[in-house]
Amino acid sequence: MGEALASFNAAYDQAGATVAFLGKVRPDGGARALELTHYEPLTLPAMNTLAAEASARFSLSGVLVWHRIGVLTPGQPIVLVSTAAAHRRCAFDAVDFLMDHLKSAAWFWKREKRADGWHWIEPRAADYADLNRWK
Amino acid sequence: MSVRIVFLGPLRDLAGTVEREVPAPLDWDGLLGIVEPAIAAQLLDERINVACAGRVLGDKSMLAAKDGDEVALLPPVSGG
C-alpha cells in the first residue's frame with residue numbers, strides 16, 4: 001500500500017497536490033472477518049470508466065483506484081483511492097466523488113463473519129444519498 | 001453449445017454453486033425454468049440485475065444468450 005502510493009506519487013511528481021483515501025474493515029458488531037466477492041467482467045470495466053470520468057471532471061493528472069477482494073479482518077485496508085491534480089481542491093473532491101461512486105459503479109458483494117456464522121450485507125440507504133450529492 | 005450461468009453474492013448460497021452450464025440458446029423464460037424455484041423467485045425481484053456477455057441488461061426479460069455467452073445473476077451490491 002505504501003509502495004503503491006509512493007509509485008503513484010513518483011509517477012505524478014509535477015502535480016501540485018496528491019490526496020489519498022484508505023478504507024479499512026471496521027470491527028462493527030463483533031464482526032470477525034469480511035469477505036468481498038466481485039464479478040470481474042463488470043467490475044474492472046466499471047472502475048476504469050469511473051476513473052476516466054473523475055479524471056475528466058476534476059482535471060486530474062492521475063488517478064489510482066485499488067480495491068481488494070477475498071477475506072479480510074478488522075483493521076485491514078479494503079480500498080485505496082488516490083488522485084493527483086494541479087491544486088488541492090480538485091484532488092480532494094475527486095477522491096470524494098470516486099468513493100461515493102465506487103460502490104454503485106462496481107459490483108462488490110460483502111458478507112460478514114460473526115459469532116453465529118456468515119451474514120450478507122444489504123445495501124444502505126445512505127449510499128444512495130451519497131450518490132445524489134453529485135447530481 | 002452452452003451458456004454459463006454465474007451466481008453472485010447471496011444467490012451463490014441459494015444456488016449451492018458458483019456457476020453452471022446449461023444448453024444454449026437461453027432466453028428469460030428458459031432461465032426462469034432452468035434455475036431452482038427459489039432462484040427464479042429472486043430473479044423476479046426488480047432489484048436483481050442480469051448481465052449477458054459482460055453487459056447489464058436494461059430489460060432482463062429481453063435476455064437472449066447464445067452459445068458461449070456468460071449470464072451473470074446480480075443481486076444488489078452491499079453497503080459499506
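**Exercise 1.** In which sense do strand 2 of chain A and strand 6 of chain A pair, and over how many bridges?

*Solution.* The model is predicted.
Step 1. Locate the two elements: strand 2 of chain A covers residues 33–38, and strand 6 of chain A covers 108–114.
Step 2. Read the pairing: the two strands run in the antiparallel sense, with 6 bridges between them.
Step 3. Take one position as an example. Ala33(A) faces Lys113(A) of strand 6 of chain A.

**Exercise 2.** Find the pairing between strand 6 of chain A and strand 7 of chain A, and state what joins them.

*Solution.* Step 1. Strand 7 of chain A consists of residues 117–120, and its pairing with strand 6 of chain A is antiparallel, over 4 bridges.
Step 2. Within this pairing, Glu112(A) has His119(A) of strand 7 of chain A as its bridge partner.
Step 3. The connection from strand 6 of chain A to strand 7 of chain A is a hairpin through 2 residues.

**Exercise 3.** Why is strand 6 of chain A described as largely enclosed by the rest of the structure?

*Solution.* Step 1. The criterion for a buried residue is 20 or more other C-beta atoms within 10 Å of its own.
Step 2. Of the 7 residues in strand 6 of chain A, 5 are buried, so the strand is largely enclosed by the rest of the structure.

**Exercise 4.** Is His38(A) buried or exposed? Describe its surroundings.

*Solution.* Step 1. His38(A) belongs to strand 2 of chain A.
Step 2. Within 10 Å there are 21 other C-beta atoms, so His38(A) is buried.
Step 3. Set aside the neighbours within four places in sequence: His38(A) is then in contact with Thr43(A), Ile69(A), Trp107(A) and Phe108(A).
Step 4. For Val71(A), the separation from His38(A) is 33 residues in sequence and 12 Å in space, C-alpha to C-alpha.

**Exercise 5.** Describe the side of chain A that touches chain B, by element and by residue class.

*Solution.* Step 1. Count the participants: chain A gives 15 residues to the contact and chain B gives 15 residues.
Step 2. Assign elements: at least two residues of the chain A side come from each of helix 2 (40–57) and strand 6 of chain A. Strand 6 of chain A has the largest share, 3 residues.
Step 3. Sort by class: the chain A side holds 9 nonpolar, 1 polar and 5 charged residues.

**Exercise 6.** What confidence values accompany chain B and the complex?

*Solution.* Step 1. Chain B has a mean pLDDT of 94, with 98% of its residues at 70 or more.
Step 2. For the complex, the predictor reports an ipTM of 0.88 and a pTM of 0.85.
Step 3. Where pLDDT is low, predicted coordinates should not be read in detail.

Terms used. Residues are numbered from 1 along each chain as its sequence is written. Chains are lettered from A and ligands numbered from 1 in the order in which they are written. This is a predicted model: local features need pLDDT of at least 70, side-chain atom pairs count only at pLDDT 80 or more; totals for chains, interfaces and linings use all residues. Ala, Val, Leu, Ile, Met, Phe, Trp, Tyr, Cys and Pro count as nonpolar, Asp, Glu, Lys and Arg as charged, and the others, Gly among them, as polar. A residue is buried if 20 or more other C-beta atoms lie within 10 Å of its own, exposed if 12 or fewer, and partly exposed in between; C-beta atoms are placed from the backbone. Two strands pair if DSSP finds at least two bridges between them. Two residues are in contact if their C-beta atoms, placed from the backbone, lie within 7 Å. pLDDT is the predictor's confidence in each residue, from 0 to 100.
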